[in-house]
Amino acid sequence: MISFQGVRAGCARLWNPEAVHLLPADRSDHRVIDAERICLAIAALDPPEVIAARARQFAVLADPTRLTLLTCIRAAGPISVSDLAAATGINDATVSQTLRYLRASQTVIAEREGRVVRYRLASTPIAALLAGQ
């Protein structure tokens, strides 16, 4: 439940007793220093299931092999498994398996050119993070 009555009642220990319009009732006894910042912070939060999905997406970057391959793909554009293996020193089988994972997580896209499959970054928040390295 969300309390729209604020936190004035019983707020002797509050620094700023202004109404916190989005503060859930179960947190109404928390000390409030800046009510406006609390409202902004709460308004910015997505539902827990959305946050969990984003955490899974960003977990892609937690593995050094995946991060290495993604960094190379971002720099080189569409690139093949063999070229990634040559560039990184990671064996072809590991590159291929890692790319399979990255495709399943929709982080990279495979594009076939004749007999060669090249990989490029999908338009995701991961691509944006890699661009800001």
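Student: Which residues is T124 in contact with, leaving aside its neighbours within four places in sequence?

Tutor: In this predicted model, T124 touches Q57 and Q106 once those neighbours are set aside. T124 itself belongs to the loop between β3 (116–121) and α6 (125–131).

Student: Is T124 buried or exposed?

Tutor: The reading rests on a cut-off: a residue is called buried when its relative accessible area is under 20%. T124 has 16% relative accessibility, so T124 counts as buried.

Student: Where is Q106, one of the contacts of T124, placed?

Tutor: Q106 sits in the loop between α5 and β2 (108–113). With a relative accessible area of 60%, Q106 is exposed.

Student: What can be said of the phi angle of Q106?

Tutor: The general idea comes first. Most residues other than glycine have a negative phi. In Q106, however, phi is near 60°, a positive value in a residue that is not glycine.

Student: How should I read a salt bridge, and how many does the structure hold?

Tutor: Side chains of opposite charge can pair when their charged atoms come close. Here the structure contains four salt bridges. One of them joins the side chains of R54 and D46, with 3.2 Å from N to O. Another links E111 and R120, where the N to O distance is 2.3 Å. R118 and E113 also form a salt bridge through their side chains, at 3.1 Å from N to O.

Student: How accessible are the residues R54 and D46?

Tutor: A value that is neither under 20% nor over 50% is read as partly exposed. R54 has a relative accessible area of 41% and is therefore partly exposed. D46, at 32% relative accessibility, also counts as partly exposed.

Student: What are the corresponding values for E111, R120, R118 and E113?

Tutor: E111 is partly exposed at 26%, and its partner R120 is partly exposed at 29%. In the pair of R118 and E113, R118 has 23% relative accessibility and counts as partly exposed, while E113 is partly exposed with 47%.

Student: How does one describe two packed helices, and what is the case for α4 and α5?

Tutor: Two packed helices are described by the angle between their axes and the distance between the axes. For helix α4 (residues 81–88) and helix α5 (residues 92–104), the axes come within 9 Å and cross at roughly 120°. An angle of 65 to 115 degrees would count as roughly perpendicular, and one over 145 as roughly antiparallel. The two helices are therefore oblique to each other. The crossing of α4 past α5 is right-handed.

Student: Which residues of α4 and α5 meet?

Tutor: On the side of α4, the residues are V81, S82, L84 and A85. They meet D92, V95, S96 and L99 of α5.

Student: How many helices and strands are there in the protein chain, and in what order do the elements run?

Tutor: The protein chain has six helices and three strands. Read from the N terminus, the order is α-α-α-β-α-α-β-β-α.

Student: What do the totals for the protein chain say about burial, surface and contacts?

Tutor: The protein chain has 133 residues, of which 28% count as buried. About 8,700 Å² is exposed, and carbon and sulfur atoms supply 55% of that area. Among contacts with a separation of 6 or more, 35% are between residues 24 or more positions apart.

Conventions:
Residues numbered from 1 in each chain as written. Predicted model: local features only at pLDDT ≥ 70, side-chain atom pairs only at ≥ 80, totals over all residues. Heavy atoms only, no water. Buried < 20%, exposed > 50% of the residue type's maximum accessible area, 1.4 Å probe, protein only. Helix = DSSP H or I, 4+ residues; strand = E, 2+ residues; numbered from the N terminus. Contact = heavy atoms within 4.5 Å. Areas by Shrake-Rupley, 256 points an atom, 1.4 Å probe, with all protein chains shown as cover. Axes fitted to C-alpha atoms, helices over the stretch in contact; angles between N-to-C directions. Parallel < 35°, antiparallel > 145°, perpendicular 65-115°, else oblique. Left-handed = near helix turned anticlockwise from the far one by under 90°.
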